[in-house]
Amino acid sequence: MTWGTLFFYYECPDCGQKFKYDFSRNDEFGADFGACPACGVSGAYIGDGPRRPDDLDYPEVD
């Protein structure tokens, strides 16, 4: 049984953008995993899990 994708949720300390990364793609992103897609700064870790109640506030980084 699977619970679905595990997401890591972040907020950028510089621009304030909220975003999430799919943990199953961590090899694809490498050292950039957790970086803000808008400005490239390392995001502040908010939490992780399959989904959060405010999931739609965090666009997924592709």
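Here are a few exercises on this predicted model, each with a worked solution.

Ground rules: residues are numbered from 1 along each chain as its sequence is written, and side-chain values use heavy atoms, with hydrogens and water left out. As this is a predicted model, local features need pLDDT of at least 70 and side-chain atom pairs count only at pLDDT 80 or more, while totals for chains, interfaces and linings use all residues.

**Exercise 1. Work out why Cys12 and Cys39 form no disulfide.**

Step 1: Grab the cut-off: a disulfide is a pair of cysteine sulfur atoms within 2.5 Å.
Step 2: Check the gap. The closest cysteine sulfur to that of Cys12 belongs to Cys39 and is 3.4 Å away, so it's too far for a bond.
Step 3: Tally up: the structure holds zero disulfides.
Step 4: Look at the surroundings. Cys12 is buried at a relative accessible area of 3%, whereas Cys39, at 38%, is partly exposed. (Buried means under 20% relative accessible area, exposed over 50%, partly exposed in between, with a 1.4 Å probe and protein chains only.)

**Exercise 2. Lay out the sheet: what is the strand order, and which strands sit at the edges?**

Step 1: Get the terms straight. Strands are DSSP runs of E, at least two residues, numbered from the N terminus; two of them pair if DSSP finds at least two bridges between them.
Step 2: Read off the order: three strands make an open sheet, E2-E1-E3, with antiparallel pairing.
Step 3: Spot the edges. Strand E2 (18–22) and strand E3 (44–49) each pair on one side only.
Step 4: Add the twist, which averages 25° from one strand to the next. (Axes here are lines fitted to C-alpha atoms, and angles run from 0 to 180 degrees between N-to-C directions.)
Step 5: Zoom in on E1 (residues 7–11), which pairs with E3 over five antiparallel bridges. Glu11 stands opposite Ala44 in E3.

**Exercise 3. Follow the aromatic rings around Tyr21: which parts does its pair with Tyr10 tie together?**

Step 1: Set the rule: rings of Phe, Tyr and Trp (its six-membered ring) pair if their centres lie within 6.5 Å; planes under 30 degrees apart are stacked, over 60 edge-to-face, the rest tilted.
Step 2: Classify Tyr10 and Tyr21. At 6.1 Å centre to centre and 90° between the planes, the pair is edge-to-face.
Step 3: Place them. Tyr10 is in strand E1 and Tyr21 in strand E2, so the pair links parts eleven residues apart in sequence.
Step 4: Try Phe19 and Tyr21: centres 6.0 Å apart and planes at 80°, so that's edge-to-face too. Both residues are buried.

Terms used:
Helix = DSSP H or I, 4+ residues; strand = E, 2+ residues; numbered from the N terminus.
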